[in-house]
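Got the model open in your viewer? Let's walk through it one selection at a time.

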Amino acid sequence: MKDQNCGYCMGGDLLDAFGIPICDLSVSILILFREQSHPGRCIVAYKDHVSEMVDLSDEERNAFFADVARAARAIHAAFHPDKVNYGAYGDTGCHLHFHLVPKYKDGEEWGGVFAMNPGKVRLTEAEYQEMAARIKACL
């Protein structure tokens, strides 16, 4: 099931506004978040347009969380954060996804909640591609 207004479902310009696809995982897609105040920040979005974890079977949910863990391991390996924060929102988009936000003791917002989209750090397309390749190599 796809929602024509959802960037996670449709990709293209809707997704490009906030993220860059890195690769497909077993039941989800790994996306590099364009705003990089927290180097290595990604999103893991479920493959289908479902709103809640309770909409998944136990098997589907377990596979989704395995994808989240796999992505987090790759972020740890590629960027060596002190901690990865996990955020699950969706009040407006209603597509099941997790934000994986690397936190660094000497970096942005250590000891506090991360801002959803602070708009502070944008990279060049080449820098995004290099970052995505680093993460993908660690999967």
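Start by selecting β3 (42-46). This strand is mostly covered, with five of its five residues buried. Keep in mind as you look that this is a predicted model.

Now show the side chains of β3. Cys-42, Val-44 and Tyr-46 point one way, while Ile-43 and Ala-45 point the other way, and all of them are buried. In a regular strand, side chains alternate between the two faces of the sheet.

Next, add the strands on either side. β2 (28-33) runs antiparallel to β3, and five bridges join the two. To find one of these pairings, click Ile-29: its bridge partner in β3 is Ala-45. Then go across to β5 (97-103), which is also antiparallel to β3 and is joined to it by four bridges. Ala-45 is useful here too, as its bridge partner in β5 is His-97.

Bring in the rest of the sheet. Five strands make up an open, antiparallel sheet in the order β1-β2-β3-β5-β4. At the edges are β1 and β4 (83-87), each of which pairs on one side only. Look along the sheet and you can follow the twist, which averages 25° from one strand to the next.

Zoom in on the β4 side. Five bridges join β4 to β5, and the two strands run antiparallel. Select Tyr-86 and you'll see that it stands opposite Leu-100 in β5.

Time for the helices. Turn on α3 (58-79), which lies across β2, β3, β4 and β5 and runs at about 20° to β5. Then show α4 (125-137): α4 packs on the sheet, where it touches β1, β2 and β3, and its direction makes about 30° with that of β1.

Within α3, pick Val-68. Is Val-68 buried or exposed? Its relative accessible area is 4%, under the 20% cut-off, so Val-68 counts as buried. Leaving out residues up to four places away in sequence, Val-68 touches Val-44, Tyr-86, Phe-98 and Leu-100. If you'd like a distance to draw, try Val-68 to Ile-29: they are 39 residues apart in sequence and 9.9 Å apart in space, C-alpha to C-alpha.

Hop over to Leu-100 and show its surroundings. Beyond its neighbours within four places in sequence, Leu-100 is in contact with a list of residues including Gly-40, Cys-42, Val-44, Val-68, Ala-72, Ile-75, Val-84 and Tyr-86.

Which residues have the most contacts inside the largest nonpolar core? Select Ile-22, Leu-30, Leu-32, Val-44, Phe-64, Leu-100 and Ile-135; the core as a whole has 29 residues. β1 (19-24), β2, β3, α3, β5 and α4 each supply at least two of its residues. The largest share, eight residues, comes from α3. Apart from this core lies another one, of nine residues, among them Cys-9, Phe-33, Ile-43 and Ala-45.

Last stop: the largest pocket, with a volume of about 310 Å³. Of the 15 residues lining this pocket, Tyr-8, Thr-92, Gly-93, His-97 and His-99 are the closest to its centre. Color α1 (7-10) and β5 to finish, since you are looking for the elements that give two or more residues to the lining.

Conventions:
Residues numbered from 1 in each chain as written. Predicted model: local features only at pLDDT ≥ 70, side-chain atom pairs only at ≥ 80, totals over all residues. Heavy atoms only, no water. Core = buried A, V, L, I, M, F, W, Y, C linked by side-chain atoms within 4.5 Å. Buried < 20%, exposed > 50% of the residue type's maximum accessible area, 1.4 Å probe, protein only. Contact = heavy atoms within 4.5 Å. Pairing = 2+ DSSP bridges. Axes fitted to C-alpha atoms, helices over the stretch in contact; angles between N-to-C directions. 1 Å grid on protein atoms, 1.4 Å probe; cavity = no way out; pocket = protein on both sides within 12 Å on 5 of 7 lines; lining within 4 Å. Points joined across faces, edges and corners; volume = space filled by probe spheres on them.
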